[in-house]
Amino acid sequence: MVSSELLITIRNCVLPLVLAGSTLGIILVLPKRLKKIAGILFIVLATLEYAYFFNKYQPFAPAKFVFPSHPVFNFLRQNAGFNRFFGQERSYIDNNFATFYRVFSPEGYDPLYIRRYEEFLAGSTQNIPRSDAWINQKNESIENKSLDLLGVKDFVDITDSPTLDTGQNFAKFPGAQFGFAGQVSQWKFYDRHTALPRAFLADNYQILPENQILARLYSSDFDARNTLILEKEPAIKPAAGSSAAAEIIAYTPNEVTIQTNSDKPKLLFLSDNYYPGWKALVDGQEAPILRADYTFRAVSLPAGEHVVKFNYQPQGFYIGAFISVVSLLFLFGVIVFLLSHEKT
């Protein structure tokens with residue numbers, strides 16, 4: 001009896017064999033005057049074959065079947081705002097789930113991850129994983145400082161019983177560092193008191209070379225809330241003042257809008273990665289983005305109220321789009337030329 005796996009294999013070979021036979025027929029059997037038209041048809045069929053197999057292995061399905069509603073993500077969307085979250089041990093949430101559910105996580109998986117960001121999370125430039133951005137849980141000091149600077153305010157925990165418990169789990173979440181934020185079924189949520197805002201205004205800065213920044217950043221006497229580590233001088237020198245506020249008012253994958261107000265010049269810090277293609281606009285005027293704290297972004301601001309927008313406009317995207325359009329026009333021109341040449 002033929003196995004079901006063999007039948008599936010045979011069925012999947014039908015279309016490739018038909019296309020292979022068609023190619024041989026074009027080369028060996030068809031007369032020369034028909035080969036050009038048949039060649040064009042073959043290109044079309046080959047393209048459709050790729051589309052067929054793409055849909056077979058990457059099918060389109062309703063989102064509710066792939067990423068169903070979940071109480072953890074529902075709670076975070078309603079209560080976390082722009083803060084990042086983190087779960088340890090049994091409450092760990094695997095990489096990249098946060099992206100779809102539109103909540104913010106400090107971790108992720110990408111084969112082309114940002115080197116500096118992974119080195120920041122590891123606390124060093126040694127023994128870096130290949131593709132995963134992971135919080136360093138082997139060193140408590142590095143872990144806590146990383147979570148603070150990344151704005152990880154929300155911790156997720158899971159219990160064996162869904163019984164509501166509004167008390168504090170002092171063993172894992174001491175009251176001096178955490179506050180109970182809520183519970184949904186067996187999942188509990190805690191606020192980290194030491195977490196910095198995702199965006200804030202800093203009074204001071206230091207200039208250090210790249211190879212010295214991480215050691216200084218993770219040193220016990222470094223005040224990350226008021227001092228940024230830069231790699232070049234800002235255009236406007238910051239100063240201490242009596243009032244300073246920064247609030248994220250809009251956040252999308254390609255644009256972040258922040259409202260600021262201060263009585264003295266400041267450095268605006270955003271705990272998103274410094275990366276080519278991002279541009280900053282201060283009240284509509286382009287401003288340079290500084291690399292801050294090894295892998296993040298900063299913009300120098302004068303005193304007063306300002307609206308700062310970070311827009312992602314990667315040059316590579318526009319170059320790729322231009323090449324794609326030119327290639328399509330060239331292919332269309334070749335087809336038209338071959339058809340017109342065939343008629344003459």
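**Exercise 1: the sheet**

Work out the strand order of the open sheet in this predicted model, and find which strands stand at the edges.

*Solution.* Start with the order: the open sheet has four strands, arranged 1-4-6-5, and the pairing is mixed. Now look at the two ends of that order. Strand 1 (84–87) and strand 5 (178–184) each have a single partner strand, so one side of each has no neighbour in the sheet. Going from one strand to the next, the twist averages 30°.

**Exercise 2: one strand pair**

Find how strand 4 and strand 6 run relative to each other, parallel or antiparallel, and how many bridges join them.

*Solution.* First, a reminder: strands of a sheet pair through backbone hydrogen bonds, either parallel or antiparallel. Next, trace strand 4 (residues 152–158) and strand 6 (residues 187–192): they run antiparallel, joined by five bridges. Then zoom in on valine 156, whose bridge partner in strand 6 is phenylalanine 189.

Two helices come next. Helix 7 (residues 140–149) packs on the sheet, touching strand 1, strand 4 and strand 6, and makes about 85° with the direction of strand 6. Helix 4 (residues 71–79) lies across strands 1, 4, 5 and 6, at about 30° to strand 6.

**Exercise 3: a surface patch**

Which residues make the nonpolar surface patch, and is tyrosine 52 buried, partly exposed or exposed?

*Solution.* List the members: Val14, Leu15, Val18 and Tyr52 make a patch of about 350 Å². Helix 1 (residues 4–28) gives the largest share, three residues, while tyrosine 52 sits in helix 2 (residues 32–57). Finally, tyrosine 52 has 46% relative accessibility, so it counts as partly exposed.

Terms used:
Residues numbered from 1 in each chain as written. Predicted model: local features only at pLDDT ≥ 70, side-chain atom pairs only at ≥ 80, totals over all residues. Heavy atoms only, no water. Patch = residues over 30% accessible without salt bridge, like charges linked within 9 Å, V, L, I, M, F, W, Y side chains within 5 Å. Areas by Shrake-Rupley, 256 points an atom, 1.4 Å probe, with all protein chains shown as cover. Salt bridge = Lys/Arg side-chain N within 4 Å of Asp/Glu carboxyl O. Buried < 20%, exposed > 50% of the residue type's maximum accessible area, 1.4 Å probe, protein only. Pairing = 2+ DSSP bridges. Axes fitted to C-alpha atoms, helices over the stretch in contact; angles between N-to-C directions. Contact = heavy atoms within 4.5 Å.
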